Amino acid sequence: MNAPRRAPRRRVDGVLLLDKPLGLTSNAALQSVRRLYNAAKAGHTGTLDPLASGLLPLCFGEATKFAGELLDADKEYVAQIRLGVTTNTADAEGEVLATHPVAVNAERVSAVLASFVGEIMQVPPMHSALKRDGKALYEYARQGIEVERQPRRVVIHELRMDRLEGDLLAITVACSKGTYIRTLAEDIGAALGCGAHLAGLRRTRIGRLALAQAVSPVQIEAAEGALRDALLAPVDTLLADLPRAELDATSAIRLGKGQPVRWNGQPGRFRAYHDGRFLGLCKLDAEGWLAPRRLVAEPL
């Protein structure tokens, strides 16, 4: 007997703010949700480690054109740091390298955390996806090879202690792109003199997008048909930080043909609309010409 045919994938346009559970890779989470929507095209806006949970925006259809917009956005995390234990990966999955007694108080921890706020230099961990000679660093690490890494500038906007109970420190950190929270946890432990590793991590914000807006896989599965589609945010959600340009019908047609149009405003990037419908991403030059950069297939 022939297996039943799968329904053809359908066009789905929008952004799903997923609360990714622990243990799943970002791609596994994406493919699982894509199957639920039977979506023709899908992608995510940057990975979240299996050891971490929290906000993972997923893009469908036309939204995939703008997935890169969040790569440079600031992020916020809630992290649990285990003091007194260092590991070879700086997280709970690694082998224990050393243990030390923990004798710190809230005042000492607060002072150390304050020293990390602002611009700091971080050495990327060996257990990371950064490439060296075309190969990810974690591949070298698995072979027992350590390669030299150049320190990178990152910015810690906010770093506060939420709780200190014995050897467990809970913090909230708001930071720039490229910040390794594992490395931050390890460096905090070193500054406290007892060592530490990252025991748990939850991403709570990317740019303006917050975990409070996200839905879990269970909620998506429970919703059906139109209710499931209603969980999707509009495509232009990923461009919410940009100013809006509302065009007349003639300008919208020209823009749709790839032609620049006149527009008054400060040079920079804009979200373009006609009659309230999203057209795409444009850039205004110093001469007042608004040129298309990435347009949706049809106004949304």
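## Ala223, a buried loop residue

In this predicted model, Ala223 has a relative accessibility of 11%, and because buried means under 20%, the residue counts as buried. Ala223 belongs to the loop that runs between helix 5, residues 217–222, and helix 6, residues 226–229. If the neighbours within four places in sequence are set aside, Ala223 is in contact with Arg228 and Leu231.

Distance along the chain and distance in space can be set side by side for this residue. Ala223 and Leu36 are separated by 187 residues in sequence, while their C-alpha atoms are 9.9 Å apart in space.

## Asp91, a buried charge

Asp91 is found in the loop between strand 5, residues 85–87, and strand 6, residues 96–99. Although Asp91 is buried, it has no salt bridge, and the nearest side chain of opposite charge, that of Arg182, is 4.0 Å away.

Which other groups surround this side chain? Apart from neighbours within four places in sequence, Asp91 is in contact with Leu51, Arg182, His197 and Leu198. In addition, a polar atom of the Asp91 side chain lies 3.0 Å from the backbone nitrogen of Glu93.

## Aromatic pairs

How many aromatic pairs does a search of the whole structure find? The search finds three aromatic pairs. In one of them, Tyr37 and Phe60 have ring centres 5.5 Å apart and ring planes at 40°, so this pair is classed as tilted. The pair links distant parts of the chain, since Tyr37 is in helix 1 (residues 26–37) and Phe60 is in strand 3 (residues 52–60), with their positions 23 residues apart in the numbering. Tyr37 counts as buried at 1% relative accessibility, and Phe60 counts as buried at 0%.

The rings of Tyr273 and Phe278 also form a tilted pair, because their centres are 5.5 Å apart and their planes stand at 50°. Both Tyr273 and Phe278 are buried, and ring pairs join these two residues with Phe66 into a cluster. The ring of Tyr273 has a charged partner as well, for the charged end of Arg244 sits over this ring at 3.6 Å from its centre.

## Salt bridges across the chain

Side chains of opposite charge can pair when their charged atoms come close. A search of the whole structure finds 14 salt bridges. One of these joins Asp229 to Arg10, with the closest N and O atoms 2.7 Å apart. Asp229 lies in helix 6, whereas Arg10 lies in the segment before strand 1 (14–20), so the pair ties together parts that are 219 residues apart in sequence. Asp229 counts as partly exposed because its relative accessibility is 28%, and Arg10 counts as partly exposed at 33%.

Another salt bridge is formed by the side chains of Lys177 and Asp72, at 2.8 Å from N to O. Lys177 is in the loop between strand 11 (168–175) and helix 4 (181–192), and Asp72 is in the loop between strand 3 and strand 4 (75–83), so this pair ties together parts that are 105 residues apart in sequence. Why are the two partners placed in separate exposure classes? Lys177 has a relative accessible area of 44% and is therefore partly exposed, while the value for Asp72 is 53%, and because exposed means over 50%, Asp72 counts as exposed.

## Arg244 and a salt-bridge network

Arg244, whose charged end sits over the ring of Tyr273, also meets the side chain of Glu246 in a salt bridge of 3.5 Å, N to O. Arg244 is partly exposed, with a relative accessible area of 41%, and Glu246 counts as partly exposed at 34% relative accessibility. Elsewhere, Glu69, Arg269 and Arg294 are linked in a network of salt bridges.

## Two residues with positive phi

Most residues other than glycine have a negative phi. Asn38, which is not a glycine, nevertheless has a positive phi of about 50°. Asn38 lies in the loop between helix 1 and strand 2 (42–44), and because its relative accessibility is 17%, Asn38 counts as buried.

A positive phi is also found at Asp275, where the value is near 55°. Asp275 is placed in the loop between strand 16 (268–274) and strand 17 (277–284). Is Asp275 buried or exposed? At 65% relative accessibility, Asp275 counts as exposed.

Methods
Residues numbered from 1 in each chain as written. Predicted model: local features only at pLDDT ≥ 70, side-chain atom pairs only at ≥ 80, totals over all residues. Heavy atoms only, no water. Helix = DSSP H or I, 4+ residues; strand = E, 2+ residues; numbered from the N terminus. Buried < 20%, exposed > 50% of the residue type's maximum accessible area, 1.4 Å probe, protein only. Contact = heavy atoms within 4.5 Å. Lys, Arg positive; Asp, Glu negative; His and termini not counted. Polar contact = N/O pair within 3.5 Å; in protein donor to acceptor, adjacent residues only side chain to side chain. Phe/Tyr/Trp six-rings, centres within 6.5 Å; stacked < 30°, edge-to-face > 60°. Lys NZ or Arg CZ within 6 Å of the ring centre and 35° of its normal.
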